[in-house]
Amino acid sequence: MHRTRNDMEEPLRKKMVSVLNARLADLIDLKLQTKQAHWNVKGPSFFSLHQLFDQFAETLDEHVDNVAERVVALGGVALGTVEAVAEWSELPEYPSDISSGSAHVTALCTSVMQAAKTVRADIDISADAGDAGTADLLTGVSRDLDKYLWFLESHTQADS
């Protein structure tokens, strides 16, 4: 840990750095999965999905930056290398052999759901530990993950 004038106790900052680096790995992985879908989607919904995937990737990029900066603000080191993401990410591996819009939507829904689930758990961990700043940051991430899961799932839902 780097020295900082942040008044949070070092054990709490270390715990939050660990939590945040795990979510950073998931968010970077999810951004790359979303770009994989963006680049390779095919089919009748190509254009709308291509745009949706790109918009989602941009949103994720903002969250990646904010989470990494929170890690550093707490005196930690943001672990955003390919090796760190591969080691820390809790998301399922994204299939590289799919091209249809529906297959990409299904794969992304699975990953977004997993990312949202771990973010929500870490909101509670952060709040219970007394780090309202991290809990607030993760709450914003959670809202956007839920919103994009809704956008993605709308492509799989038919009128009843």
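This is a short talk about helix α5 and what it packs against in a predicted model.

Okay, so keep in mind that everything here comes from a predicted model. Let's start with α5 itself. It covers residues 132-153. Is its length right for a helix of 22 residues? Let me put that better: what should 22 residues span at 1.5 Å a residue? The expected figure is 32 Å, and the end C-alpha atoms of α5 are 31 Å apart, so the two agree. I did the same check on α2, which has 28 residues: the expected span is 40 Å and the end C-alpha atoms are 40 Å apart, so that agrees too.

At the N-terminal end of α5 there's a cap. D131 does that job, with a side-chain oxygen 3.3 Å from the backbone nitrogen of G133.

Now, which residues of α5 are buried? Among them are T134, A135, L137, L138, G140 and V141, and further along you also get S142, D144, L145, Y148, L149 and L152. And what do those buried residues pack against? Three helices: α1 (10-40), α2 (46-73) and α4 (101-129).

Let's take α1 next. The axes of α1 and α5 come within 12 Å and cross at roughly 20°. An angle under 35 degrees counts as roughly parallel, and therefore α1 and α5 are roughly parallel to each other. The crossing is left-handed. On the α1 side, the contact is made by M16, L20, R23, L27 and L30; on the α5 side, the residues are T134, L137, L138, V141 and L145.

Then there's α4. Here the axes are 9 Å apart and the packing angle is about 160°. The cut-off is over 145 degrees for roughly antiparallel, so α4 and α5 are roughly antiparallel to each other. This crossing is left-handed. The list of residues that meet is long-ish on paper, so I'll just pick some: α4 brings, among others, V105, L108, C109, V112 and S126, while α5 brings residues including T134, A135, L138, L145 and L149.

Two residues from that list deserve a slide each. S126 sits in helix α4. Is S126 buried or exposed? It's buried, because its relative accessible area is 0% and the cut-off for buried is under 20%. Leaving out residues up to four places away in sequence, S126 touches M16, V19, D131, T134, A135 and L138. You'll recognise D131 there as the cap residue of α5.

The other one is T134, in helix α5. T134 is also at a relative accessible area of 0%, so it's buried. Beyond its neighbours within four places in sequence, T134 is in contact with M16, L20, R70, L74 and S126. With R70 there's a polar contact, side chain to side chain, at 3.0 Å.

Last bit: the end of α2 and the start of the chain. Just after α2, G75 takes a positive phi of about 95°. And what is G75 in contact with back at the start? H2, for one. H2 is in the segment before α1, and although H2 and G75 are 73 residues apart along the chain, their C-alpha atoms are separated by 4.6 Å. Not counting neighbours within four places in sequence, H2 is in contact with R13, G75, G76 and V77.

That's it from me; happy to go back to any of the slides.

Note on methods: Residues are numbered from 1 along each chain as its sequence is written. This is a predicted model: local features need pLDDT of at least 70, side-chain atom pairs count only at pLDDT 80 or more; totals for chains, interfaces and linings use all residues. Side-chain values use heavy atoms; hydrogens and water are left out. Helices (H or I, at least four residues) and strands (E, at least two) are DSSP runs, numbered from the N terminus. The expected span of a helix is 1.5 Å times one less than its number of residues. Buried means under 20% relative accessible area, exposed over 50%, partly exposed in between (1.4 Å probe, protein chains only). Contact means heavy atoms within 4.5 Å. A polar contact is a pair of N or O atoms within 3.5 Å; within protein, one must be able to donate a hydrogen and the other to accept it, and residues adjacent in sequence count only if both atoms are side-chain atoms. Axes are lines fitted to C-alpha atoms, for helices over the stretch in contact, and angles run from 0 to 180 degrees between N-to-C directions. Angles under 35 degrees count as roughly parallel, over 145 as roughly antiparallel, 65 to 115 as roughly perpendicular and the rest as oblique. A crossing is left-handed if the near helix is turned anticlockwise from the far one by less than a right angle, and right-handed if clockwise.
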